Amino acid sequence: MEVVDRLYEKLSRSGFDEIILSHSQGSVRQVRFSGSRKDMDAEWDESSLGVFVSRGKRILALVINDLSVVDTIPEKLVSMISRMPENPLFNGIYDRKVNSSSVSTRRLPEIDIVDKSMTMINGAMDNGAEKSAGLIYRKEGTENIRTNYNDVEFPSGGYEMLIRSFRNSDSGQEASHAGMLSDLHDSDFAKLGEDSARNATLKTNYSDGVEGKIDVIMSPYVIGNVLTYSSEFFSAESVISGLSFLQDRIEQPVASESVTLIDDPLDFTGIGGRMFDDECAPTRKNTMIDHGVLRTYFQSFSTSKNFKTETTGNAGILMPNSWQLKLNGGERKIDEMIASMKRGLFIQNTWYTRFQDYRNGVFSTVPRDGIYLVENGEITTRWKGIRISDSVPNILKSIRETSRETSKVKWWQEIAATEMPYALVNDVNITKAF
Amino acid sequence: MEEMLDSILDYCGKRSSFADVRFMSSEENGVSYRNGEFQGFQTSRNSGIAIRIVNRSVSYVFTNSGDMEEIFRLIDGAVDRSNKPGKNRISLGKDTRAKWKVPSSKFPLDMSIDDRIDILKSNDEQMKTLGADIRINVLSDSITHEHYMNTIGSSIEGEYPRIGYSYVAGVMDSGNFEQSSAQFGITAGYEDFKTMNIEDKVAGDIKSLKNAIRSRGIKPGVYDVVIGPEISGIVAHESCGHPTEYDRIIGREGAQAGESFLSGKTYPYRVGSDSVSVIDDPTMPKSYGFYRYDDEGIESRKKYLYHHGMTEEFIHNRESAAILGVEPNGCGRSSDWDMEPIPRMSTTYIEPGEFTLEELIEGIKDGLYIVSYTEWNIDDIRYNEKYVGKEAYRITNGKLGDSLRRPVIETTTTKLYGSVDAVSRDLEFSAGTCGKGDPEQGVDVWMGGPNVRLRNMYIS
């Protein structure tokens, strides 16, 4: 793009050691509904330009979306960076030449999201829902990242689908995502609606929840939420800050042997797929936990130097972060897991996860959309008003089994784009309101 | 800019039953300091236009394009979509023309980088001296300009600076760890920076962490409790402010932040004792959530959400007010130019009473005083909530005793508000960033209250 080229040329003549320009441009459509009727239909047509410059260990970052002012930027940055203190932990940006010939040019499939939102709603209403709320997003754009060493442009985008169905005071929710290489069908949207209604009505009789330790089958949404909120603990920046329970645990067991957790940005059937990170390092599939053993943190080029390792291709604007987490599936189906459970809970969803102790991963989260009691292999009743009050290290060490089925889940700010199975976790601490 | 907005509005007006256009630009700066070392400086300049079209349904366009042909093309698409069926009720209100500005003698633009870094360095050093092992300090500031116009003749321009500050501190002792997060904010320039009293708060916070880490928990049971202003503030926000947002009550947030325990009730509905009232007030000068007009051009005003234990008024934007059949009350806020204005809080607080803190404590035989909190959360209908104490003390026979570690209140909204028997005359505020909407919008708020006494609460 001409304006980006012009800015790069000016910055490269301004005495900076390293430069990153990241220009994103795209369109987002959203149809949102509640009470089974459309609330709004919105379109975002946006572009933005991120600028990162360094001189020695002095760094500076700028984001603008008004490209008409780019000619004023170099002088401003020169003036500012000379007054910056050094960041002693900064070690430069990714400096190897990447192969940009592998960039996909496939366009996102065109889908009528108004029509598909009705398909979801009808799927819910035909299966017992009294009303439903949710949305569909269609996101499509291009990212151009230019550094001293590389210049690549690649497509981004996908779909997000969300529906929550209600019957009396009961609710069930489904939230999924699909990427550039996805193959969505009408039946996929109908199924989301049907499943959300079914999950709301698995059992409608309530009994009082009980405090204490109990086995829990966590749905893909529950384990997805816990791992989304825990993903920062895997970031090298959190470890450096002293706010991660994973500090000094590389190559040590941090979870049960049933747990293999990977970050997979190369799966473009999900919306978390991404070809290059924010400093133009190629992304890659990273095994974070391998059969219970912690293998790596999320690293950028700069943080990796502090750990005497290599970048994992996870550089973000502020800190290295995950792109698309996947927890491995197991042998048995969810129905078999429930059938063999003597006494435990089957929890459908959770939200509002908050930590009281980052160094030990102590947190609580509030289950919603169905908390079912399983007795002798049967769902017998549902609870309400309980909370999972435990720690992430305990949860990871207590995962006994994961289901054969996995689902692509992404929900609002609560679950990042992930692919998760059901997970049986032993002796989860439950508390309740009095 | 006004000429451009006029052209857009004129184009939309011929194609809709109602339309509004909002231009917003902001300049933001953020600088961080971690464990004695400078981390980085980030700055952003963002601007764009939000256009709402109402016909058979509501459609939006958000664009930062300056090309009028492109904007008209986007509007044409939005008009087509708005002619398809959906909800379309919106309160028109009255036409208003106004300009407002928060004056400042030291705008963020006048603040040097060196001065910003000096603030962070000084607070980091203070934390270290007091014994904090982990220290992250972040200073942010912004100046925002907004121009709202609609097809019934309103035109409102506003400009305001905001300053925010946050820190995370951690203390380690014999293998144990205690942490604290705090946030401060004002809608003002740097001349008022010291009113946030960050140094005093840091000093108290680190001292209490060092006490708590060597303390024991309380034996679970039923106690009388005094909660401090930081907790009464988060209580007011979470279990009064959120459930009285009328878009939640009618289910518009059903798949995200959720509905409300007040959905389907007959109003006014009794939530708590006569002793407790909660106010939302965007007009409080220099508060973090201050604004004179909301992002839909409605003048802001103070309102009771709960009054003597009963629901009184709800939080509305133009859309939710039309659905209930009332006038909008100036609560339509958007966090940025590319977000829709939805019903939001501003400064939400429990109204002070007549007692002193000492009188509240003297009235307790066997209980505790929980001054501040760490972890908290609440369910999606805003009924089942939890607050974990950070600084807390035992009360025996009306006197404060030993420090306690992490006492937990896990209760319901009606139980909590129903247990209030006395409220102190103090009033303190904390800053926060309130999340809601999809895409998620974080808006600046204050949360506040006095010391509040609760009878017969289960504490674990």
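# Close-up views of a predicted two-chain model

**View 1. A parallel strand pair spans the two chains.** Strand 3 of chain A (residues 58–64) runs parallel to strand 2 of chain B, and 4 bridges join them. One residue pair can be picked out here. A:V63 has B:S44, in strand 2 of chain B, as its bridge partner. The model shown in this and every other view is predicted.

**View 2. Chain B meets chain A.** The contact takes in 74 residues of chain B and 76 residues of chain A. About 6,600 Å² is buried between the chains, and carbon and sulfur atoms give 47% of that area. Salt bridges between chain B and chain A number 10. One salt bridge links the side chains of A:R164 and B:D380, at 2.8 Å from N to O. Polar contacts across this interface amount to 61 residue pairs, both residues being at pLDDT 80 or more. On the side of chain B that touches chain A, strand 2 (residues 37–54) gives the most, with 10 residues. That side of chain B holds 23 nonpolar, 25 polar and 26 charged residues.

**View 3. A salt bridge joins a loop of chain B to a strand of chain A.** The side chains of B:E259 and A:K131 form a salt bridge with an N to O distance of 3.0 Å. B:E259 sits in the loop between helix 6 (246–249) and strand 9 (278–280) of chain B, while A:K131 belongs to strand 4 of chain A, so the pair joins two chains. Over all chains, the count of salt bridges is 67.

**View 4. Two domains of chain A face each other.** Chain A splits into domain 1 (2–199) and domain 2 (205–434). Their centres, taken over C-alpha atoms, are 23 Å apart. In this contact, 42 residues of domain 1 of chain A meet 37 residues of domain 2 of chain A. The two domains bury about 3,100 Å² between them, with 55% of it on carbon and sulfur atoms. Three residues stand out on the domain 1 side. A:Y94, A:Q173 and A:H177 supply 22% of the area that domain 1 of chain A buries against domain 2 of chain A, more than any other three residues.

**View 5. Polar links and strands at the domain contact of chain A.** Between domain 1 and domain 2 of chain A there are 4 salt bridges. A:E160 and A:K410 form a salt bridge, their closest N and O atoms lying 3.4 Å apart. Residue pairs in polar contact between these domains number 19, with both residues at pLDDT 80 or more. Strand 4 (131–147), strand 5 (151–167) and strand 6 (170–179) of chain A each supply at least two residues of the domain 1 side. Strand 6 of chain A provides the largest share of that side, 10 residues. By class, the domain 1 side comprises 16 nonpolar, 19 polar and 7 charged residues.

**View 6. Two domains of chain B face each other.** Domain 1 of chain B covers 2–212, and domain 2 of chain B covers 221–459. Between their centres, taken over C-alpha atoms, lie 22 Å. The contact involves 49 residues of domain 1 of chain B and 41 residues of domain 2 of chain B. About 3,600 Å² is buried here, of which carbon and sulfur atoms give 49%. This domain interface of chain B has 7 salt bridges. The side chains of B:D192 and B:K286 form a salt bridge at 3.1 Å, N to O. Polar contact joins 25 residue pairs between the two domains, both residues at pLDDT 80 or more. Elements giving two or more residues to the domain 1 side include strand 1 (18–34), strand 5 (134–150) and helix 4 (198–212) of chain B. Strand 7 of chain B contributes the largest share of that side, 10 residues.

**View 7. B:E157 and its surroundings.** B:E157 is part of strand 6 (residues 155–173) of chain B. Its side chain makes a polar contact of 3.5 Å with the side chain of B:H145. Residues touched by B:E157, beyond four places away in sequence, include B:A98, B:W100 and B:H147.

**View 8. An open sheet in chain B.** Its 6 strands follow the order 11-10-9-14-23-22, with mixed pairing. Strand 11 (310–311) and strand 22 (428–436) of chain B are the edge strands, each pairing on one side only. Strand 14 (residues 347–350) and strand 23 (residues 441–449) of chain B pair in the parallel sense over 3 bridges. B:T348 has B:M447, in strand 23 of chain B, as its bridge partner.

Definitions and conventions:
Residues are numbered from 1 along each chain as its sequence is written. Chains are lettered from A and ligands numbered from 1 in the order in which they are written. This is a predicted model: local features need pLDDT of at least 70, side-chain atom pairs count only at pLDDT 80 or more; totals for chains, interfaces and linings use all residues. Side-chain values use heavy atoms; hydrogens and water are left out. A polar contact is a pair of N or O atoms within 3.5 Å; within protein, one must be able to donate a hydrogen and the other to accept it, and residues adjacent in sequence count only if both atoms are side-chain atoms. Contact means heavy atoms within 4.5 Å. Domain bounds come from an automatic or database domain assignment. Buried area is the accessible area (1.4 Å probe) that two parts lose on being put together, summed over both. Ala, Val, Leu, Ile, Met, Phe, Trp, Tyr, Cys and Pro count as nonpolar, Asp, Glu, Lys and Arg as charged, and the others, Gly among them, as polar. Two strands pair if DSSP finds at least two bridges between them.
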